[in-house]
Amino acid sequence: VAARELGISKEVLELFPSEFEESELGMIPKGWEVKELISLVKQLKPGTNYQPDRVEDGIPFVNGRHIQDGFLDLTDIKYITEDEYKRVHKIWQPEAYDVLITRIGTLGKVGVILESDLPLALHYNSIDIKADKLSHQFLYFLLKSDFFQKQFHMYKKHAVQEFITIEAVEQLNIVLPNAEKVIKLLGDYFNNIFDSIENNTIQIRTLQKTRDTLLPKLLSGELDVSELEMETL
């Protein structure tokens, strides 16, 4: 009955513990492990605190407000030159499928960099996380979970804006099953959901780009649609 209500098979449900046990974080599924975030990722670094000059065109300079609905919205973006980009990202660069999380002002917004977003420079109010032992899809959903977000906000400090230090983020905990089979199962599940979201996002971006290209031409009369045949419902 439980499997049917959850929409999963009985075999899958039996992979998960039916009991809980005490941990340093309270009650967790029996046999699962508490791990620090830093132990599961390849890199966890803030963007640059250097303020490069902005230019009309160039490389996007992304800050926390550009993280929207799990991805980047670059429709209202400022740019920097390639020379400035090399200066602010001399040691490491944002890459496709890095996971970002905001740490200053609005805390805990999570987004993923897509290939089409690159190259980009990152402001210090966001953290770039490169996945390692977990897929970027799995990591994305873990960082968005209520469990992680509650921890994240517990460590916030107050200045002009609320913020959380990099050191605190590194020490935040993730609860994971200790069975590779369960991790793979969860990973496959998260990957499928994320891929659907990503495909929808790409389609929306394509439609927006088409709209932004055609609309000015329609308004200026450059594009004539007077003889275009339209189907009516």
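Good morning. A residue is called buried when its relative accessible area is under 20%, exposed when that value is over 50%, and partly exposed in between. With these words in hand, let us turn to the structure, which is a predicted model.

I begin with two residues that illustrate the terms. At 29% relative accessibility, Y97 falls between the two limits and therefore counts as partly exposed. Y97 sits in the loop that connects α3, residues 82-88, with β9. Its phi angle is near 70 degrees, a positive value in a residue that is not glycine. The second residue is D69, where phi is near 55 degrees, again positive without the residue being glycine. D69 belongs to the loop between β6, residues 67-68, and β7, residues 71-72. Its relative accessibility is 72%, so D69 counts as exposed.

Now to the chain as a whole. There are 233 residues in the protein chain, and 38% of them count as buried. The chain contains seven helices and 15 strands. Its accessible surface comes to about 14,600 Å², and carbon and sulfur atoms account for 51% of that area. If we take the contacts between residues at least 6 apart in sequence, 68% of them join residues at least 24 apart.

Next, the sheets. As a reminder, strands of a sheet pair through backbone hydrogen bonds, either parallel or antiparallel.

One open sheet has four strands in the order β4-β12-β9-β10, and its pairing is antiparallel. Which strands form the edges of this sheet? They are β4, residues 41-46, and β10, residues 110-112, each of which pairs on one side only. On average, neighbouring strands here are turned by 20 degrees against each other, direction ignored.

Let us walk across this sheet. β4 and β12 are joined by five bridges, and within this pair P46 stands opposite I127 of β12. Four bridges then link β12 to β9, where L100 has D128 of β12 as its bridge partner. Finally, three bridges connect β9, residues 99-102, to β10, with V99 opposite V112 of β10.

Is β12 mostly buried or exposed? Five of its six residues are buried, so this strand is largely enclosed by the rest of the structure.

A helix accompanies this sheet. Helix α4, residues 136-144, lies across β4, β9, β10 and β12, and runs at about 165 degrees to β10. Eight of the nine residues of α4 are buried, which means that the helix, too, is largely enclosed by the rest of the structure. The buried residues of α4 include H136, Q137, F138 and Y140.

A second open sheet has three strands, in the order β8-β5-β11, and its pairing is mixed. β8, residues 78-80, and β11, residues 121-122, each have a single partner strand, so one side of each is left without a neighbour in the sheet. Strand β5, residues 59-62, runs antiparallel to β8 and is joined to it by three bridges. In this pair, I59 stands opposite I80 of β8.

I close with one feature of the backbone. Where in the chain is P119 found? It is in the loop between β10 and β11. The peptide bond leading from L118 to P119 is cis, with omega near -5 degrees. Thank you for your attention.

Conventions:
Residues numbered from 1 in each chain as written. Predicted model: local features only at pLDDT ≥ 70, side-chain atom pairs only at ≥ 80, totals over all residues. Heavy atoms only, no water. Pairing = 2+ DSSP bridges. Helix = DSSP H or I, 4+ residues; strand = E, 2+ residues; numbered from the N terminus. Axes fitted to C-alpha atoms, helices over the stretch in contact; angles between N-to-C directions. Contact = heavy atoms within 4.5 Å. Buried < 20%, exposed > 50% of the residue type's maximum accessible area, 1.4 Å probe, protein only. Areas by Shrake-Rupley, 256 points an atom, 1.4 Å probe, with all protein chains shown as cover.
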